[in-house]
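Me: I should like to study a protein model by asking about its parts one at a time. Please answer each question with a short line of reasoning.

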Amino acid sequence: MSQKPAIYKGLENIYIDESSICFIDGFKSKLYYRGYSIEDLAANSTFEETAYLLLYGRLPKREELEEFKGLLRENREIPNEVIELMRKIPRDVHPMEALRTIVSYLGNLDPARSDLSLDGMHRKSIALTAKMPTIISAYHRIRTGLDVIDPDPRLDHSANFLYMLHGEKPPELWARAMDVSNILYAEHEMNASAFATVVVASTLSDYYSAIVAGIGALRGPLHGGANEEAMKQFIEIGSPDRVDDWFKSAIAQKRRIAGCGHRVYKSYDPRAKIFKEYAENFVKIYGGELKNIYEIAEKLEKLVIENLADKNIFPNVDYWSGIVYYGMGIPIDLYTPLFALSRVVGWSAHIIEYVRDNRILRPRLYYTGELDKRYIPIDQR
Ligand code: COA
């Protein structure tokens, strides 16, 4: 057998291509989309503008942004067949599983589903980005026995999502918090879900198949599912005075702290810092149970940093985001769908970029099984 090759378990530090979409400096807590720092975008941009930036590689001029926002608004509605499908999905599935099915079905209904041209890919990316809030809110309302609410063209992308979810126009703080959340979650280089999308796209399969693969990968608790797990963990702890004991026992059981640790960040995730500021604002205004959860999270964060920083474990984006969502009355099992709601932009940008200079993704496995075994007929085994 050939000499054992180097094996890169988990593909850590393997570069599969060049890219101009996103840069992460995991030791310096730095994240850039197309060269703009995440802090700058979170402070000054909007989700729509950031989506344009990620998809087209530059900030839009005013007329370009207006046209782009118009396209997003026009594409918000979902066909009745999709609403009918939502009613048939078993009530006990996780909304990420429902999302996977719904996006797949939307692909079936798109006559241009196999169009891999640059224009076609941009068109599909915009149409799906526009529909994600409608899908997630409509599905949630159907599964909880409520009427589906149509999109409101007077509202921007993020505010319209909250309106369709809750049935009321959101307060300014909620609309901005949702918009910043959508900016922070829109893109993050070649993570597991982005990789899943480009693996599928690299076979020259269709856009929807690639996105469905991304949704499947995002769902897991080691990836996007961590925002739900982090919130469940704070609720499980119950009160700030139980944090010390909980942490000791978690460490003794070698349990992972949800929302902490990252393959690339070996320092505090810059997105977590921004979410934490929003969480603080929400706590100041709403107090009560939210304050209790925030205090648990803050105490646990201190213990993580004191005890695990030498292993480069710090809070990541999913640690604080749930507290902001909780403050807006969003059910915990919608937190990962919310991640998908904006990450669809990053996935789309990667699919478009990768396929422009495509090479099928096909790694190897080092075989350690036996060879030259003789076939044994079934009645002699
Ligand atoms: N809590 C406690 N210890 C952790 C940890 C966490 N959240 N994440 C990693 N570690 C420890 C591991 O136990 C391991 O310790 P060891 O060397 O003593 O065995 C070490 O850190 C390295 O872990 P490893 O699994 O090799 O890291 P990875 O790069 O493969 O995994 C994650 C990265 C994100 C999957 C991992 O940090 C994790 O499971 N985090 C929790 C889930 C999460 O928040 N995911 C969202 C990421 S945005």
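The questions and replies below concern this model.

Me: What kind of model is this, and how are its residues numbered?

Reply: This is a predicted model, in which local features need pLDDT of at least 70 and side-chain atom pairs count only at pLDDT 80 or more, while totals for chains, interfaces and linings use all residues. Side-chain values use heavy atoms, with hydrogens and water left out, and residues are numbered from 1 along each chain as its sequence is written.

Me: Is helix 15 largely enclosed or not enclosed by the rest of the structure?

Reply: Helices are DSSP runs of H or I with at least four residues, strands are runs of E with at least two, and both are numbered from the N terminus. A residue is buried under 20% relative accessible area, exposed over 50%, and partly exposed in between, using a 1.4 Å probe and protein chains only. Ten of the eleven residues of helix 15 (residues 317-327) are buried, so helix 15 is largely enclosed.

Me: Which helices are included in what covers the buried residues of helix 15?

Reply: The buried residues include Trp320, Ile323 and Tyr325. Contact means heavy atoms within 4.5 Å. The cover includes helix 8 (172-184), helix 11 (226-237), helix 13 (270-286), helix 14 (288-308) and helix 16 (335-356).

Me: With which side chain does the side chain of serine 181 make a polar contact?

Reply: Serine 181 is placed in helix 8 and is buried, with a relative accessible area of 1%. Not counting residues up to four places away in sequence, serine 181 touches Phe275, Tyr325 and Ser342. A polar contact is a pair of N or O atoms within 3.5 Å; within protein, one must be able to donate a hydrogen and the other to accept it, and residues adjacent in sequence count only if both atoms are side-chain atoms. At 2.6 Å, the partner of serine 181 in such a contact is the side chain of tyrosine 325.

Me: Are helix 6 and helix 16 roughly parallel or roughly antiparallel?

Reply: Axes are lines fitted to C-alpha atoms, for helices over the stretch in contact, and angles run from 0 to 180 degrees between N-to-C directions. The axes of helix 6 (residues 118-143) and helix 16 come within 9 Å and cross at roughly 170 degrees. Angles under 35 degrees count as roughly parallel, over 145 as roughly antiparallel, 65 to 115 as roughly perpendicular and the rest as oblique. Helix 6 and helix 16 are therefore roughly antiparallel.

Me: How far is an oxygen atom of the ligand from an N or O atom in the side chain of arginine 263?

Reply: Arg263 is one of the residues that come nearest to the ligand, of the 16 around it; a residue counts as near if one of its heavy atoms lies within 4 Å. For lysine 311, a polar side-chain atom lies 2.8 Å from an oxygen atom of the ligand, and for glycine 259 a polar backbone atom is 3.0 Å from one. For the side chain of arginine 263, the distance is 2.8 Å.

Me: How far apart in space are isoleucine 313 and glycine 259, C-alpha to C-alpha?

Reply: Isoleucine 313 lies in the loop between helix 14 and helix 15 and is partly exposed, at 23% relative accessibility. Leaving aside neighbours within four places in sequence, its contacts are Cys260, Gly261, Val304 and Leu308. Isoleucine 313 and glycine 259 are 54 residues apart in sequence, and their separation in space is 9.9 Å.
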